[in-house]
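Hi everyone, thanks for making time today. I'd like to walk you through a structure that is probably new to most of you, so settle in and have a look with me.

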Amino acid sequence: MKKRLSTGILLASGWIANAQNRFPKPDFESGYQYPDHYYPVPNETLWTAIDILLLVVMMSIVAWAVLKQRKRTPIILVSILSVAYFGFFRSGCVCSIGAIQNVSLALVDPGYVMPVSVLLFFILPVIFAFLFGRVFCAGVCPFGALQELVNVKNYRLSKALTTVLGMIPWIYLILAILYAVTRSSFIICRFDPFIGIFRLGGDIGLITFGVLLLIAAIFTGRPFCRFLCPYGALLSLFSRVSIWKPRLTQQTCINCELCHNACPVDAIMPPYENKVKESRPEGVRRIVKYFIILPVMTIAGALLMRMASDELSRGNKDVRLYDMVIEQETNPQDILSLDLEAFYGQGGTMEALTEKAEYIQAAFKQYGTIAGAFIGLVIGLTLINLSVKRTRKTYAINEATCVSCARCFSYCPQNQSCPMKKR
């Protein structure tokens with residue numbers, strides 16, 4: 001047995017020696033340079049160009065369908081394409097909604113370089129809203145398109161509930177800008193309820209919230225667009241003064257109410273005739289009340305947000321770290337969090353961290369005061385809008401809340417009796 005083992009070792013040694021002679025060690029002193037390896041990567045510039053081109057083409061199709069053809073079929077096709085391409089294929093990353101934060105940060109931080117594509121995705125829907133209304137919301141936005149495609153019923157919510165919920169997008173928009181300009185967080189991207197659905201994975205809580213929104217969208221029109229979307233709130237400002245506005249019918253409205261019942265987002269205003277004319281003194285008193293309410297609400301909002309600025313600043317990672325370090329220095333713990341381990345491991349100093357935290361808190365106090373003033377202004381204007389009754393003899397479209405879905409056109413009997421070819 002020992003002889004066989006010795007013989008095997010000798011044979012193996014001879015094979016290894018022979019192998020070493022066949023494959024000698026490389027000579028690192030010869031000056032030979034290994035070639036660079038290039039790996040093919042997706043041409044992101046090409047895809048960005050395709051994204052922008054599709055954005056413009058799809059918004060143009062919607063504008064043409066709403067203002068010229070007055071048909072819904074092209075909008076449905078655009079919605080399907082948007083969900084497939086911008087949603088699932090591009091993983092929901094090509095997002096005009098989140099671009100609000102990039103633009104806000106670029107306005108206050110000269111060192112922040114914003115990609116041109118992000119600026120275009122932000123500004124192009126705004127331009128189209130000023131020209132044609134909220135055609136981006138109709139079916140080009142994958143979030144709105146997904147809700148539109150699942151909607152089968154339209155249970156009408158109460159006016160009081162929709163008014164209260166309708167303030168949330170404005171507050172969300174103001175807070176998103178606040179956290180962006182203080183370099184704290186992009187909260188729109190962080191709490192996106194549909195991005196996990198399009199990526200088929202992610203935070204389970206946000207995915208659940210997105211699924212609940214889609215379930216709600218089956219029974220009522222676009223809950224996310226109406227009661228959460230900050231970009232929709234911004235577009236409503238421009239669509240309110242759009243140059244070319246959609247009309248329910250080219251003929252005389254017969255007040256049949258069919259369009260009002262068909263609208264999924266409650267954007268059809270019913271007729272209202274102010275039979276009791278307001279006297280001049282009553283009108284003056286009402287205007288004076290408005291001038292009192294608005295400054296009071298604006299100042300109250302500014303003061304409340306200023307008082308809450310320290311708490312809001314804890315959304316910034318440096319302020320949170322400062323609080324953790326203070327707690328650790330006051331009550332030392334044997335087991336440290338990952339943030340504390342990184343801080344101490346990298347030789348961070350309390351002086352530098354304190355300077356950062358104080359800078360962020362000062363920024364929150366400054367911008368938070370402005371944000372609070374705008375929140376108070378939004379609440380004040382909402383209350384005033386509830387009390388204003390404008391004379392209206394027929395049903396009319398509210399351009400600010402209309403999402404250009406074109407659903408109302410087919411319900412109007414006047415449109416059925418007046419085909420486009422006769423117009």
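I'll go through charged pairs, then aromatic rings, then the spaces inside, and finish with two backbone details. One thing to keep in mind throughout is that this is a predicted model.

Let's begin with charges. Side chains of opposite charge can pair when their charged atoms come close. How many salt bridges does the structure hold? The count is nine. Have a look at Asp-51 and Arg-90, whose closest N and O atoms are 2.7 Å apart. This pair links distant parts of the chain, with Asp-51 in helix H2 and Arg-90 in the loop between helix H3 (73-89) and H4, 39 residues apart. Are these two partners buried or exposed? Asp-51 is buried, at 2% relative accessibility, and Arg-90 is buried too, at 15%.

Next come Asp-109 and Arg-183, which form a salt bridge at 3.4 Å, N to O. Asp-109 sits in the loop between H4 and H5, and Arg-183 in the loop between helix H9 (168-181) and H10, so this bridge ties together parts that are 74 residues apart in sequence. Arg-183 is partly exposed, with a relative accessible area of 38%.

A further salt bridge joins Asp-323 and Arg-314, at 2.9 Å from N to O. Here Asp-323 is partly exposed at 26%, and Arg-314 is partly exposed at 34%. There is also a network of salt bridges that links Arg-72, Glu-148, Arg-222 and Arg-407.

Now for the rings. A search of the whole structure turns up 16 aromatic pairs. Take Phe-143 and Phe-224: their ring centres are 5.9 Å apart and their planes meet at 80°, and because an angle over 60 degrees counts as edge-to-face, that is what we call this pair. Phe-143 belongs to helix H7 (residues 142-150) and Phe-224 to helix H13 (residues 223-227), 81 residues apart, so we have another link between distant parts of the chain. Phe-143 is buried at 3%, and Phe-224 is buried at 5%.

Elsewhere, ring pairs join Trp-47, Tyr-85, Phe-86, Phe-89 and Phe-121 into a cluster. Arg-70, meanwhile, lies over the face of Phe-409, 4.4 Å from the ring centre.

On to the empty spaces. There are seven cavities of 30 Å³ or more, and the largest holds about 120 Å³ of space. Which residues are closest to its centre? Of the 16 that line the largest cavity, they are Ile-397, Cys-402, Cys-405, Ala-406 and Cys-408. That lining has 14 nonpolar residues, one polar and one charged.

The second largest pocket has a volume of about 380 Å³. It is lined by 19 residues, and Gly-92, Cys-93, Val-94, Cys-95 and Val-118 are the closest to its centre. Its lining divides into nine nonpolar, five polar and five charged residues. Among the helices that each supply at least two of those residues are H2 (44-69) and H5 (116-132).

Last, the backbone. Asp-266 has a positive phi near 55°, in a residue other than glycine. Asp-266 is in the loop between helix H15 (258-262) and strand E1 (268-269), and is partly exposed at 24%. Ser-404 also has a positive phi, near 55°, and lies in the loop between strand E2 (396-397) and helix H21 (413-416). Ser-404 is buried, at 3% relative accessibility.

That's my tour, and thank you for listening!

Technical notes
Residues numbered from 1 in each chain as written. Predicted model: local features only at pLDDT ≥ 70, side-chain atom pairs only at ≥ 80, totals over all residues. Heavy atoms only, no water. Phe/Tyr/Trp six-rings, centres within 6.5 Å; stacked < 30°, edge-to-face > 60°. Helix = DSSP H or I, 4+ residues; strand = E, 2+ residues; numbered from the N terminus. Buried < 20%, exposed > 50% of the residue type's maximum accessible area, 1.4 Å probe, protein only. Lys NZ or Arg CZ within 6 Å of the ring centre and 35° of its normal. 1 Å grid on protein atoms, 1.4 Å probe; cavity = no way out; pocket = protein on both sides within 12 Å on 5 of 7 lines; lining within 4 Å. Points joined across faces, edges and corners; volume = space filled by probe spheres on them. Nonpolar A, V, L, I, M, F, W, Y, C, P; charged D, E, K, R; others polar. Salt bridge = Lys/Arg side-chain N within 4 Å of Asp/Glu carboxyl O.
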